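Take a first walk through this structure. The route goes from a ligand to packed helices, and then to a few single residues.

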Amino acid sequence: MDPLPRLGIDFGTSHTVAVCQWRDSAAQPLLFDASPLLPSAVLADGQRRLLVGRDAQRGARSDPAGFEPYPKRRVDEGTILLGGTEFDVADVIAAVLRRCTGEAARVAGRPAAEVVLTHPAAWGPRRREVLTRAAARAGIDDPVLVAEPVAAAIYFTTVLGVRVPPGAAAVVYDLGAGTFDVAVVRREGGSGWSVLASDGFDDVGGVEFDALIVDGLRDRFRDRDPDVWERLTNPRTAADVRARATLWEEARAAKEQLSRNSTAGVHVPLYEADVHVTREEFEHVAAPLIRRTVTMTASTLARSGVRPGEAAGLFLVGGSTRIPQIATQLHRRLGIAPTVIEQPELVVAQGAVSSAGPAPSTVEIPEPDTEPLAPPPQLAISTPPVPPPAPAPRRRRAWLAAAAAVLVVAAGAVVYLVVNGDSRPPLTALGQQNEKVFESRKLADFARPWLNDVNECKQLPPDTYGGKATEYVACDTPNWQVQFRAHDDQEERDKSRLDRQHTWGGTPQSFTGAHPESGRRIDYLYYTSRVIYWDDDDSTIVGDLTSATLNAEQLAEIWTRYVM
Ligand SMILES: Nc1ncnc2c1ncn2[C@@H]1O[C@H](COP(=O)(O)OP(=O)(O)OP(=O)(O)O)[C@@H](O)[C@H]1O
Ligand SMILES: [Mg+2]
């Protein structure tokens with residue numbers, strides 16, 4: 001008989017993700033209509049039944065009054081009115097959870113033996129109680145509750161193999177659809193995690209970025225025909241409601257496209273016009289909102305007592321972290337290279353199912369969840385101001401927590417340490433892929449500390465390097481690039497060194513690092529880019545770390561992290 005599955009559910013504002021763990025096998029996200037992202041949307045039909053996910057979204061086209069796209073944002077409202085019927089908010093959330101447990105049971109052939117539910121770190125007892133009540137109504141007895149940043153940290157360390165040694169801390173930056181959450185988490189004795197500090201905004205998420213696009217369209221279109229814009233803002237008929245939904249859907253899709261392309265087309269319903277928005281325009285209006293989250297990240301880190309140079313990682317979680325400017329601003333402000341992954345929406349549920357043992361016992365400053373959540377996005381928002389460094393009134397909570405006890409076995413890391421006697425982090429899937437790009441093992445070994453944290457490494461033709469190289473590999477992140485070169489012999493290597501000294505005016509200094517790369521380092525300015533050159537005294541290989549955006553200090557901090 002199949003072993004019983006463990007199920008992790010991340011009930012999110014726009015999406016819910018459920019991941020199944022069968023004993024001794026890799027965790028797998030459940031698919032809903034072929035996608036791991038189940039829309040958290042709910043629709044009440046005429047018979048008091050609740051449809052969930054894409055069924056709800058489809059049904060909303062003909063029956064918009066019974067539709068709630070973001071039930072998580074309404075967790076504080078005891079009841080929700082859907083299509084003229086009042087529902088207990090726990091029943092609405094239960095409908096979403098039931099869809100997950102039902103699908104897990106269908107796939108596994110039996111109900112999950114254990115269910116782990118995640119929640120924002122800032123949710124107090126009252127909101128957690130709503131979640132537990134919803135779980136009970138969905139037939140989930142005794143769910144294990146785990147804070148979202150803790151689940152995320154578990155995923156990055158135990159599943160991806162990012163090394164956070166015991167006693168070290170990492171920053172989790174989670175920007176989803178409805179909320180922003182930041183937490184500094186510390187690894188305790190190799191097996192548990194504590195939340196040192198956390199904070200968040202209830203009113204900053206992907207939906208607010210969509211609103212910025214809608215604001216821009218309003219400025220372009222309202223004067224053409226104010227009555228039409230009024231219908232898109234305060235719909236009078238079912239057709240208007242559908243048009244408004246289309247407008248917001250178009251805005252969201254354009255915003256997402258702008259993370260990949262420099263322009264995106266938007267169809268504006270009722271005006272029946274097609275326009276373009278550029279990434280530059282979007283970045284201009286989005287920058288203050290992003291800055292608020294980055295400022296909060298910096299202040300949360302400061303409050304945790306961990307200095308940026310000491311943080312073992314900055315993990316980006318949630319679909320909105322795909323906006324390129326987020327990684328750029330974070331890197332610039334903190335000097336920590338963010339760890340970005342392909343599907344940041346799945347991190348929390350994957351981490352939840354990978355956690356083991358009891359729920360984290362966090363010590364919280366008891367602050368009741370009395371503040372209402374932000375309203376759904378019907379109301380166009382204006383650009384929020386940059387908050388002062390002191391706690392802003394909309395901040396949800398700033399609490400210090402101690403001694404969480406999520407028992408996690410970092411199986412991969414433990415095996416690696418014992419078998420290899422090597423304290424370096426195991427390579428993640430990306431790291432392994434990057435390692436394969438190298439032809440020379442020696443060059444790959446020199447580059448190894450960097451390989452988990454850079455985007456795809458690429459071989460460059462060795463003759464495109466100014467001097468004579470035998471192999472030339474470049475790896476990028478949004479803010480810095482690192483290049484590794486092998487030369488024929490040490491004489492060739494020295495030419496490279498002297499060129500930095502004489503042509504570019506750098507001063508060489510010796511260093512003795514923890515790794516075999518001990519050797520010479522030369523910092524210099526290459527036109528407008530900062531560069532750190534280093535080599536290994538005993539070898540014929542060198543590295544160049546370059547950035548057009550970071551200052552000398554920030555670049556040095558990155559270099560030190562990987563080489564020393
Ligand atoms: N390429 C992209 N660029 C910008 N934003 C994106 C991109 N892809 C997805 N998003 C945004 O990510 C958000 C969804 O992310 P996610 O599923 O992590 O949120 P959630 O878990 O539902 O919300 P929360 O964690 O706030 O409760 C949406 O607002 C979506 O528009
Ligand atoms: Mg989320």
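Asp, Glu, Lys and Arg count as charged; Ala, Val, Leu, Ile, Met, Phe, Trp, Tyr, Cys and Pro count as nonpolar; the others, Gly among them, count as polar. With that in hand, turn to ligand 1. The model is a predicted one. The shell around ligand 1 divides into 13 polar, 6 charged and 3 nonpolar residues.

Which residues come nearest to ligand 1? Among the 22 residues around ligand 1, they are G12, T13, G176, G206 and G319. Two elements, helix 5 (206-221) and helix 7 (238-258), give two or more residues to this shell. Helix 7 gives the most, with 3 residues.

Now for the helix packing. Two packed helices are described by the angle between their axes and the distance between those axes.

Start with helix 5, already met at the ligand. Helix 5 packs against helix 8 at an angle of about 130 degrees. Their axes are 10 Å apart. Oblique angles are those outside the ranges under 35, 65 to 115 and over 145 degrees, so helix 5 is oblique to helix 8. The crossing of helix 5 past helix 8 is right-handed. Helix 5 brings E208, F209, L212, I213 and G216 to the contact. Helix 8 brings E281, F282, V285, A286 and L289. By class, the contact of helix 5 with helix 8 has 7 nonpolar residues, 1 polar and 2 charged.

Helix 8 (residues 279-304) also meets helix 9 (residues 324-334). Here the axes come within 10 Å and cross at roughly 45 degrees. That angle makes helix 8 oblique to helix 9. The crossing of helix 8 and helix 9 is right-handed. On the side of helix 8, the contact is made by E283, A286, A287, I290, R291, V294, T297 and A298. On the side of helix 9, it is made by Q325, I326, Q329, L330, R333 and L334. The residues of this contact divide into 8 nonpolar, 3 polar and 3 charged. A286 of helix 8 is listed in the contact with helix 5 and in the contact with helix 9.

Next comes a loop with backbone angles to look at. Most residues other than glycine have a negative phi. L270 has a positive phi, near 70 degrees, and is not a glycine. L270 sits in the loop between strand 15 (263-268) and strand 16 (273-278). E272 lies in the loop between strand 15 and strand 16 as well. E272 is not a glycine either, yet its phi is positive, about 50 degrees.

Are these two residues buried or exposed? L270 has 19 other C-beta atoms within 10 Å, and a buried residue needs 20 or more, so L270 counts as partly exposed. E272 has 9 C-beta neighbours inside 10 Å, and 12 or fewer is the mark of an exposed residue, so E272 counts as exposed.

Two more residues close the walk. S35 is in the loop between strand 3 (28-29) and strand 4 (38-39). S35 is partly exposed, with 13 other C-beta atoms within 10 Å. S35 and V17 are 18 residues apart in sequence. In space, their C-alpha atoms are 9.6 Å apart.

D499 belongs to helix 14 (residues 490-502). With 16 other C-beta atoms within 10 Å, D499 is partly exposed. Along the chain, D499 and G467 are 32 residues apart. The C-alpha atoms of D499 and G467 are separated by 9.6 Å.

Conventions:
Residues are numbered from 1 along each chain as its sequence is written. Chains are lettered from A and ligands numbered from 1 in the order in which they are written. This is a predicted model: local features need pLDDT of at least 70, side-chain atom pairs count only at pLDDT 80 or more; totals for chains, interfaces and linings use all residues. A residue is near a molecule or strand if its C-beta atom, placed from the backbone, lies within 6 Å of it. Helices (H or I, at least four residues) and strands (E, at least two) are DSSP runs, numbered from the N terminus. Axes are lines fitted to C-alpha atoms, for helices over the stretch in contact, and angles run from 0 to 180 degrees between N-to-C directions. A crossing is left-handed if the near helix is turned anticlockwise from the far one by less than a right angle, and right-handed if clockwise. Two residues are in contact if their C-beta atoms, placed from the backbone, lie within 7 Å.
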